[in-house]
Structures are given as structure tokens and as C-alpha cells.
Amino acid sequence: MNPWLKIPAEDYESHMSLPDVAQAQVLNSLMASALKAYRPDSIAVMGCTTGNGFEHIDPSHTRRAIGVDINTGYLTFLKKRFAERLPCLELVEGDVASADFQVGPVSMVFAGLIFEYVEVMDTVNSIYRSMVSGGILLSVLQLPSPDSSPVTDTRFKSLAMLAPIMNLVSPSEFSGICNSAGLKLLNSDTIPLKKGKAFFVGIYQKPACDSQDGRQM
């Protein structure tokens with residue numbers, strides 16, 4: 001069984017928010033900034049877990065908000081928190097790396113810390129299929145640290161189950177895969193974290209198509 005199906009939602013949220021980890025706060029801020037900068041009329045959050053950042057979605061502008069995760073328990077938490085506030089909410093239990101995965105195309109995909117646990121090329125191809133022409137992908141990768149293991153050791157020991165399946169992805173390799181799939185790198189940044197860790201943030205765009213003949217521009 002995939003370890004992600006065994007980690008309680010409470011453990012995940014608490015671990016990610018601890019002062020010594022503080023990754024939930026960074027992901028939340030990145031999602032808020034992306035929504036403000038691009039004002040997408042539709043968004044899919046891949047590996048949405050319990051909905052971190054969904055409070056920043058403005059339903060008066062974003063008409064579709066899709067949360068995708070393999071853990072139905074996480075989606076249940078998300079629904080309880082946001083279904084009333086977000087009538088546009090759609091929840092999908094599924095594996096984004098699957099060859100037949102696709103959601104109705106959206107103008108933005110937010111994918112934070114999922115590529116460490118999936119087959120990257122298959123997942124990027126799935127995301128590409130799930131984007132409208134001109135759509136934006138914001139991806140977040142964890143970078144290696146000489147001072148800390150990839151999964152920070154905390155009192156929430158269930159998170160340790162992720163260590164055997166976590167594979168850090170280099171930004172250059174990831175950008176190469178995105179380029180091969182047809183996604184153009186628009187911007188990138190590195191955000192320092194606790195214990196010598198850092199996030200690579202890459203913003204990619206699917207080429208726009210000529211509305212008359214479908215050619216990419």
C-alpha cells in the first residue's frame with residue numbers, strides 16, 4: 001500500500017506546520033501569490049492533501065477549483081472545510097501519474113511537492129493534458145540538504161514511512177522534462193527553508209494556440 005494512504009491527515013498537517021519544518025506555510029504563501037498574480041478562472045491542485053491554500057481561492061473569479069489526491073481521507077477533510085465556501089469545488093481521488101489521468105483542462109495547475117513521489121515524465125504529461133492552451137503550471141520541488149534528511153524527523157513518526165519512496169528531483173532534470181512535454185519555463189526561484197533545506201519553484205506555461213487553426217504560438 002502506498003504510504004500516503006497510511007498517514008493520518010492530522011499527522012501530515014501538524015508535521016508540515018511545525019516551526020522546524022514550516023513547509024505548509026511556504027506552500028500556502030506560494031499558492032496565495034500565484035492566485036493573485038495570474039487570477040486563473042480555473043485551478044487544479046495536484047496532491048492537494050487537506051486543502052492548504054484553498055482559503056485564497058476567490059470563487060467570484062475562479063469558477064472551478066479542483067483538488068486531486070490519492071487519499072480519500074484527505075479529500076474528506078478538504079470538503080468539510082471548503083465545500084460551503086467554494087461552490088465551484090471539485091474533488092478527484094486519483095493518481096496524477098496514471099496514463100489515463102485527466103481533468104477538464106484548467107488555466108492553472110499547482111503542484112507542490114508531488115514529483116518526489118511519482119514517475120515525473122508521466123506526471124508532467126498528465127498535467128500537460130489537464131491544462132488549457134496558455135495555462136500555467138506552478139511546481140515546487142524540495143532540494144537536497146547537507147544538514148537534514150529529506151523527511152525531517154519529528155514527533156509525527158508516520159511521516160517516516162515516506163522516506164523509502166521519496167526521490168528528490170533536480171530542477172534541471174525537471175525543467176528538461178517539462179520542456180520535452182511542451183511546457184516553457186517562465187520563471188524560477190529558490191526559497192530557503194529550515195534546517196538547510198530549500199524549495200525550487202518553477203513556473204511553466206503551455207503554449208498558446210492560434211484560435212483559427214490550432215497552431216501553437
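Where does Arg39 lie? Arg39 sits in the loop between α2 and β1. More on this residue follows below.

This is a predicted model, in which local features need pLDDT of at least 70, side-chain atom pairs count only at pLDDT 80 or more, and totals for chains, interfaces and linings use all residues. Residues are numbered from 1 along each chain as its sequence is written, and side-chain values use heavy atoms, with hydrogens and water left out.

## The whole protein

The protein has five helices and seven strands. Helices (H or I, at least four residues) and strands (E, at least two) are DSSP runs, numbered from the N terminus. From that end on, the order of elements is α-α-β-β-α-β-β-α-β-α-β-β. The radius of gyration is 17 Å, close to the 17 Å that the globule rule gives for 217 residues, so the protein is as compact as a globular protein of that length. That radius is taken over C-alpha atoms, and the rule is 2.2 Å times the number of residues to the power 0.38. Along the principal axes, the C-alpha atoms fill a box of roughly 55 × 40 × 30 Å.

Of the 217 residues, 50% count as buried. Buried means under 20% relative accessible area, exposed over 50%, and partly exposed in between (1.4 Å probe, protein chains only). The accessible surface comes to about 10,300 Å², and 52% of this belongs to carbon and sulfur atoms. Areas come from the Shrake-Rupley method with a 1.4 Å probe; for residues, only the protein chains shown count as cover.

Contact means heavy atoms within 4.5 Å. Among contacts between residues at least 6 apart in sequence, 71% join residues at least 24 apart.

## Helix α2 and what follows

Helix α2 covers residues 23-38. At 1.5 Å a residue, its 16 residues should span 22 Å, and its end C-alpha atoms are 22 Å apart, which agrees. The expected span is 1.5 Å times one less than the number of residues.

Buried residues of α2 include Gln23, Val26, Leu27 and Leu30. The buried residues of this helix pack against α1 (9-17), β1 (42-46), β4 (106-112), β5 (131-143), β6 (184-192) and β7 (198-205).

Arg39 follows α2. Its phi is near 40°, a positive value in a residue other than glycine. Most residues other than glycine have a negative phi. Thr49 also has a positive phi, about 45°, and is not a glycine. Thr49 lies in the loop between β1 and β2 (64-69).

## Three buried residues

The table gives the place and relative accessibility of three buried residues.

| Residue | Place | Relative accessible area |
|---|---|---|
| Thr49 | loop between β1 and β2 | 8% |
| Ser175 | helix α5 (residues 171-181) | 18% |
| Phe199 | strand β7 | 0% |

Which residues does Ser175 contact, leaving aside its neighbours within four places in sequence? They are Leu185, Phe200 and Tyr204.

Phe199 is buried. Leaving aside neighbours within four places in sequence, its contacts include Gln23, Val26 and Leu27. Those three residues are among the buried ones of α2. Other contacts of Phe199 include Val140, Leu141, Asp189 and Ile191. Asp41 is 158 residues away from Phe199 along the chain, and their C-alpha atoms are separated by 26 Å.
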